[in-house]
Structures are given as structure tokens and as C-alpha cells.
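Trainee: I'm new to this structure and would like to go through it with you. Could you show it to me?

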Amino acid sequence: MFQLPFPVRDANAAPGGKDLGNLPEWDLTDLYASEDAPELKRDLDWLENACAEFAADYEGKLATLDAAGLLTCVLRDERINTVAGRIMSFAGLRYYQQTTDAARAKFLSDCQEKITNYTTPLVFFTLELNRLDDGVLEAHFAANADLARYKPVFDRIRKMKPYQLSDELEKFLHDLGVVGDAWEKLFDETIAGLEFDVAGETLGIEATLNFLTDSDRSKRETAARALAEVFQSNIKTFARVHNTQAKEKEIIDRWRGMPSAQMGRHLSNDVEPEVVEARRSAVVAAYPKLSHRYYELKRKWLGLDKMQVWDRNAPLPMQDKTVIAWDKAEKTVMEAYGAFDPRMAELAEPFFRKGWIDAGVKPGKAPGAFAHPTVTEVHPYVLLNYLGKPRDVMTLAHELGHGVHQVLAAGQGEMLAATPLTLAETASVFGEMLTFRKLLDAAASADQRKVLLAGKVEDMINTVVRQIAFYDFECKLHAARRNGELTPDDINALWMSVQGESLGPAFEFMEGYETFWSYIPHFIHSPFYVYAYAFGDGLVNALYSVYAEGEPGFQDKYFEMLKAGGSKHHKELLAPFGLDASDPKFWDKGLNMISGMIDELEAMEG
């Protein structure tokens with residue numbers, strides 16, 4: 001199945017939309033000129049023939065190939081992936097620009113169905129690869145250096161060997177994938193079509209969520225209650241989608257013999273379960289010194305006896321309410337990137353000039369933000385919902401980091417460019433950190449420094465604490481679904497079981513907050529995706545501490561790491577920096593950085 005990643009950041013953008021300057025829009029013609037473009041028909045026709053010819057030439061024959069023959073086979077498969085990826089990138093990006101457009105939704109579905117049908121005969125490829133003897137493969141790698149370059153791809157494929165089903169069943173599951181896609185589209189279209197009454201104004205979900213960062217507490221409360229009301233009125237649909245997706249996953253995992261619901265994600269992330277568990281345990285143990293301590297500070301700043309959920313992302317009383325125009329946001333991020341290394345700014349510059357960013361908030365547009373790599377022979381595209389708050393500037397820095405990473409990794413080719421999710425956040429979070437440090441160094445007053453520090457701590461808590469709480473919720477959800485259908489109340493209870501623990505005693509929870517699990521896209525599109533945020537944040541904080549300590553040649557090592565794409569394991573990538581994610585002390589570096597910022601905020605209180 002060829003699938004697009006969904007927005008990679010649970011962004012809390014800000015309300016606005018006026019006086020922001022000329023917000024860029026995508027120019028998708030580098031993929032195809034239109035849905036009727038002759039090049040698109042040409043590629044679909046080529047793909048159908050190429051898949052059939054590939055199956056005819058190689059099915060049942062991989063074991064007979066020599067090293068050169070296997071390399072030719074791999075290169076043909078890679079070309080098929082490139083063409084299919086280009087088609088699906090175009091169809092998906094058009095859809096994300098306006099998810100409520102029936103014609104765009106149909107075009108995406110039609111492309112997905114065609115490509116699923118065309119590529120079904122290719123299912124044999126990974127299955128037969130996994131039946132090859134280890135010694136045979138090693139001999140092939142030794143005989144052909146060009147083939148050996150693809151060893152990381154073979155290694156990842158062969159990790160699925162213990163969970164591989166019969167050829168017939170694998171083809172069946174491949175074909176059945178379009179049904180799961182339909183449930184995802186139902187979720188997307190339901191979310192995009194929701195309308196919320198906020199103080200007499202009808203808003204979509206993005207603008208309503210944005211009000212949770214408004215300086216007026218009554219507006220935040222009104223928005224939160226509007227969200228709760230509409231989520232509740234649609235709760236049966238959301239519960240049905242979650243039940244169905246979780247059950248489908250349980251059936252597939254059971255047939256494959258997966259030891260846990262999370263194992264498939266760990267395999268695709270090329271990360272060991274014990275490393276993920278070490279990260280999760282370190283964060284949960286740190287809740288009291290991170291989120292609990294910070295939110296107690298924020299409660300005092302806001303002058304409240306108890307915080308409500310609509311206060312979590314409230315601006316501080318001393319925060320500057322100036323709306324940041326797009327050109328200033330661009331300048332801020334580009335200067336931060338350039339100060340780290342001019343090469344970074346050079347790589348980022350085309351995104352602003354060539355229609356690689358879609359920034360404005362528009363009806364039906366996908367919420368949040370993401371950077372889509374498309375295919376290595378084109379370039380990435382960045383989606384934002386830019387509304388002029390400091391957090392939006394940080395989101396720009398984040399997604400642009402993804403884009404730079406994807407451009408650098410493209411040299412690896414289609415099979416080796418993509419990084420596992422645990423490493424995919426490296427350049428994005430690092431780009432955010434560079435931008436934050438630039439702004440912090442330029443702070444003109446103690447209040448400005450406090451606001452910047454508090455904002456960064458909140459972002460880190462959202463990235464680390466919130467996402468690990470999301471992960472725990474998913475673990476509980478999938479475990480509970482194995483015992484039977486879950487009612488909306490069942491799911492609500494699971495959600496609330498992690499909220500108080502992660503946010504701490506500073507909070508009370510309004511009636512209706514128990515439904516707020518329903519709008520998080522990652523739970524539907526990419527189960528267990530969310531721990532990658534916490535993994536990436538901890539990795540980057542450790543990496544940044546090495547940079548801040550003046551590691552010789554850091555920039556060159558950093559660019560080499562990004563250029564490696566998915567060709568190396570996290571141990572290999574971090575070794576030049578003297579870091580090891582399997583060492584429990586590694587995670588302390590990142591958590592201590594957050595704790596240290598909270599120490600400074602507490603010291604400012606005297």
C-alpha cells in the first residue's frame with residue numbers, strides 16, 4: 001500500500017488570518033500539471049504494465065538470481081515505488097488542500113484503488129526475499145557493492161520474517177487495505193466538516209482549537225465547551241472508527257503472531273521495544289518534575305486556584321500579543337538556520353520561493369502541519385495553518401527542518417531516503433531549537449525571556465509529556481479492544497486515566513473533556529506514531545547539548561547524519577556525537593534540559 005503520512009504535528013496554531021502578508025500556496029505542477037495531465041495517465045499506464053512485467057519476470061525466481069540480477073530486480077522495484085509515490089503524493093496533497101471537496105476525495109480514492117490493484121502482484125517480492133538464506137544474501141552483498149548499499153532495506157524487510165503470512169494471505173491483506181483507507185477518509189471528512197458555534201460565529205475545528213490560545217479566558221472556555229459539545233454529538237462516529245481500526249489491527253497482529261499491538265510500529269521505526277519502553281518510563285517518572293511543576297507555575301501566573309483544560313495553552317499575562325506577519329516569520333527562521341550553517345539556509349530558501357509551502361488557513365484544509373517528502377526525484381512540500389502567533393513561527397521552523405532533512409536524504413534514492421519516525425523528527429526539532437535559541441538570545445527584558453522560556457517548555461511538554469500520555473492511551477485502547485467492543489464511555493474513561501497523571505494536580509477537568517481523544521488524527525492514521533515525538537525531542541535535546549558544548553566539526557557531522565536518511569540505524573547515526581539511545585542516561589540529557597528551563601523560570605519568581 002502506498003500511503004501519505006498525515007500531519008506530523010498536533011499543532012496549536014493561533015486565531016487570526018488578517019494582516020499576515022502574502023501567504024504562499026502550493027504549486028503542485030512539479031508533480032503533475034493537473035488531474036487530467038497526460039503525464040499522469042502515462043505514469044498510471046506505465047505502472048500497470050511495469051508491475052505485471054515485474055511479477056512475470058521474478059515471481060518464484062528470486063532464489064535463482066545472482067547478485068547482478070538481484071540488483072536489477074531491486075532497481076526495478078525502486079522505480080515502481082517512485083512512480084507510484086509520485087502519483088499518490090499529487091493526489092494526496094490536492095486532497096489535503098481541501099478535504100471537503102468530493103471531487104478531490106474521489107480522485108484520491110480512485111488513484112489509491114488503481115495503485116493497490118496494480119501493485120498486488122508485487123506482494124511476492126518481500127515474501128520471497130524473506131525466504132532467501134542469510135548466507136546467500138551475504139554472498140550477494142559481498143559480490144556486488146551496489147547491491148550491498150541496499151542492505152539496510154533488506155534488513156528491515158527481514159525483520160518482518162517471523163510475522164510473515166502465506167503469499168495468498170499477504171495479497172488478500174494488501175487488497176483489503178483500501179477498506180482501512182476508507183475509514184481514515186471518513187474520519188478526515190468528519191473532522192474537516194465539523195462546525196462550532198463560538199460566541200455566535202461558526203468556525204471549523206482549526207480556528208476553534210486556536211481559540212484555546214486566546215488571551216481572553218472566557219473565549220478559551222467558550223471554545224473548549226463548543227469543542228466538547230460537537231465532539232459529543234459525533235462521538236458514536238468517532239467511537240465506531242476507533243473500534244473498527246483497532247479491531248482490524250488486532251486481527252492482523254493476531255494472524256501475524258505479533259507479540260504486542262505496538263510491535264509493528266517498533267519494527268517500522270527500526271527501534272528496539274526496550275528502547276521505547278526506556279523512553280516512556282523515563283518520561284512518566286519525570287511527570288512531577290516537568291509538567292506538574294510547570295503547570296503549578298503557570299497556575300500562579302494566571303492567578304487561578306485551579307487550571308482548566310482551556311488554560312493549558314493560554315498565553316501568559318505578560319505575553320506580547322503582536323501578530324507576527326509572514327515575512328517576519330520567514331526572516332526569523334532563515335536567520336536562525338543561517339547562523340547555524342549557511343548551507344541550512346540555502347536548502348530552506350526554495351521552500352519560500354518556489355511554491356513548496358501552503359501556509360494559509362482555508363475552509364476544508366487539513367488541520368495541523370506537515371512536511372511531505374513526495375519522491376526523491378521531486379522535492380518536499382510543507383503544509384501549515386499559519387495565523388501569526390509565536391507558536392506558528394516555531395511550527396514553521398519545525399516543518400522546514402523536516403523539509404531540509406528530506407532534501408538532504410533524497411540522494412539516498414527512494415528506498416533508502418526515508419527515515420523511521422523516531423529519527424524523522426531530528427532536523428525538525430533541531431530547527432525549532434535553533435529558532436528558539438536565536439529568539440532567547442535577542443530577548444530585551446526579563447519578561448520577554450520568561451515568555452520565551454515558558455513557551456519552549458510548553459512546546460516540549462506538548463511534545464514529550466503529552467505525546468507519551470497519548471501513547472499510554474493508545475496502549476490501553478488497543479489492549480481493551482482485544483476484550484470486546486468499546487463504548488464511547490469506555491474510551492472516555494481510558495482517556496481520562498492518563499490525563500490527570502500527565503498534567504498534574506494544578507488541573508481540574510471540565511465535563512466534556514473526556515471526549516477530546518476523538519479529534520487526534522494520529523490514533524487513526526498511524527497507531528503508536530506519537531512516541532516518535534518524545535523520542536525525537538529527547539534525541540535532539542541530547543544532540544543540541546553536544547553542539548552547545550562546542551563539539552568540533554558538529555555541523556559537518558550533523559549534515560552527514562541528515563544525508564544518511566534511512567540508510568543507518570540510530571546507533572550508527574548517533575555514534576559520531578558520542579551518544580547512544582539505548583543508554584538510559586541518554587534520555588536524562590533531554591529531560592534535564594526541560595527541567596533546567598523550569599528551574600530558571602522558578603528562579604525568576606524569586
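Trainee: How far apart do the centres of the positive and negative side chains lie in the protein chain?

Mentor: Happy to start there, with a predicted model in which local features need pLDDT of at least 70, side-chain atom pairs count only at pLDDT 80 or more, and totals for chains, interfaces and linings use all residues. Residues are numbered from 1 along each chain as its sequence is written, and side-chain values use heavy atoms, leaving out hydrogens and water. Lys and Arg count as positive, Asp and Glu as negative, without His and the chain ends, and each charge is placed at NZ of Lys, CZ of Arg, CG of Asp or CD of Glu. There are 66 positive and 92 negative side chains, and the two centres are separated by 2 Å.

Trainee: What share of the residues in the protein chain is buried?

Mentor: Buried means under 20% relative accessible area, with a 1.4 Å probe and protein chains only. Of the 606 residues in the protein chain, the buried share is 59%.

Trainee: Which residues have the most contacts inside the largest nonpolar core?

Mentor: Such a core is a set of buried Ala, Val, Leu, Ile, Met, Phe, Trp, Tyr and Cys residues joined through side-chain atoms within 4.5 Å. The largest one holds 139 residues. Its largest share, nine residues, comes from helix H25 (residues 531-548; a DSSP run of H or I, at least four residues, numbered from the N terminus). The residues with the most contacts (heavy atoms within 4.5 Å) inside this core are Leu543 and Tyr558.

Trainee: How many residues does the other core, apart from this one, have?

Mentor: Among its members are Leu70, Ala105, Phe107 and Leu122. The number of residues in that core is 56.

Terms used. Buried < 20%, exposed > 50% of the residue type's maximum accessible area, 1.4 Å probe, protein only. Helix = DSSP H or I, 4+ residues; strand = E, 2+ residues; numbered from the N terminus.
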